[in-house]
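The following exercises are meant to be worked through with the sequence and the coordinates side by side. Each task is followed by a solution that goes step by step.

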Amino acid sequence: MTATAVVSVLSDAIYVPVYLVHAGLHALVSVSPVVIVVQVIAQGVLSGVVALFAFARAVQDLGPGRAALFPALSPGVAILLGIPATGDWPSAVQLAGLGLLTSGLVIAVKARHS
């Protein structure tokens, strides 16, 4: 957890000045405070903190080998959740990628149980 905190702080220390030089402070000030609060909650708290603790717990409960499979599920879950959320259907390339992802996960899971 300490290493993750260090990486996060160093990433912010590098990214924020670059963003401010490139986009300027006006880009940040022009956004509604509600949008900023929602982004802080969604990306900062939920994605940054809650997801980190949930993954650490998964590693503790399932072991590192099994827990390592979960991040690989993210693209596939995003594609499938996008169908009802946006009404958009995946393209042929996205479906092929989903199939490849699923095949890799099945092979990885079967290899662990053999």
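A residue counts as buried when its relative accessible area is under 20%, as exposed when it is over 50%, and as partly exposed in between. The model examined here is a predicted one.

**Exercise 1. Describe the overall fold, and decide whether the protein chain is a compact globule or more spread out.**

Step 1. Begin with the secondary structure: the protein chain contains six helices and zero strands, and the order of its elements from the N terminus is α-α-α-α-α-α.

Step 2. Compare the radius of gyration with the globule rule: the value for the protein chain is 19 Å, whereas the rule gives 13 Å for 114 residues, so the chain is more spread out than a compact globule.

Step 3. Add the dimensions, which for the C-alpha trace are about 55 × 40 × 25 Å along the principal axes.

Step 4. Turn to the surface: buried residues account for 9% of the 114 residues, and of the roughly exposed surface, about 8,600 Å², carbon and sulfur atoms supply 74%.

**Exercise 2. Check whether the end-to-end distance of helix 1 agrees or disagrees with its number of residues.**

Step 1. Helix 1 covers residues 2-23, and at 1.5 Å a residue its 22 residues should span 32 Å.

Step 2. The end C-alpha atoms of helix 1 lie 31 Å apart, which agrees with that expectation.

Step 3. Look just past the end of helix 1, where glycine 24 adopts a positive phi of about 85°.

**Exercise 3. Find the salt bridge of the structure and describe its setting.**

Step 1. Recall that side chains of opposite charge can pair when their charged atoms come close.

Step 2. The structure has one salt bridge, in which the side chains of arginine 57 and aspartate 61 meet at 2.9 Å, N to O; this falls within the 4 Å cut-off.

Step 3. Both arginine 57 and aspartate 61 belong to helix 3 (residues 33-62), where they are four residues apart, or about one turn of the helix.

Step 4. With a relative accessible area of 48%, arginine 57 is classed as partly exposed, because that class lies between 20% and 50%.

**Exercise 4. Which residues line the largest pocket, and which helix supplies the largest share of them?**

Step 1. The largest pocket holds about 160 Å³ of space, and its lining consists of Thr4, Ser8, Ser47, Gly48, Val49, Leu52 and Phe53.

Step 2. Assign the lining to elements: helix 1 and helix 3 each contribute at least two residues, and helix 3 provides the largest share, namely five residues.

Definitions and conventions:
Residues are numbered from 1 along each chain as its sequence is written. This is a predicted model: local features need pLDDT of at least 70, side-chain atom pairs count only at pLDDT 80 or more; totals for chains, interfaces and linings use all residues. Side-chain values use heavy atoms; hydrogens and water are left out. The expected span of a helix is 1.5 Å times one less than its number of residues. Buried means under 20% relative accessible area, exposed over 50%, partly exposed in between (1.4 Å probe, protein chains only). The radius of gyration is taken over C-alpha atoms; the globule rule is 2.2 Å times the number of residues to the power 0.38. Accessible areas come from the Shrake-Rupley method with a 1.4 Å probe; for residues, only the protein chains shown count as cover. On a 1 Å grid over the protein atoms alone, a cavity is a set of points where a 1.4 Å probe fits but cannot get out, and a pocket is an open set with protein on both sides within 12 Å along at least five of seven lines; lining residues have an atom within 4 Å of a point. Grid points are joined across faces, edges and corners, and a volume is the space filled by probe spheres set on the points.
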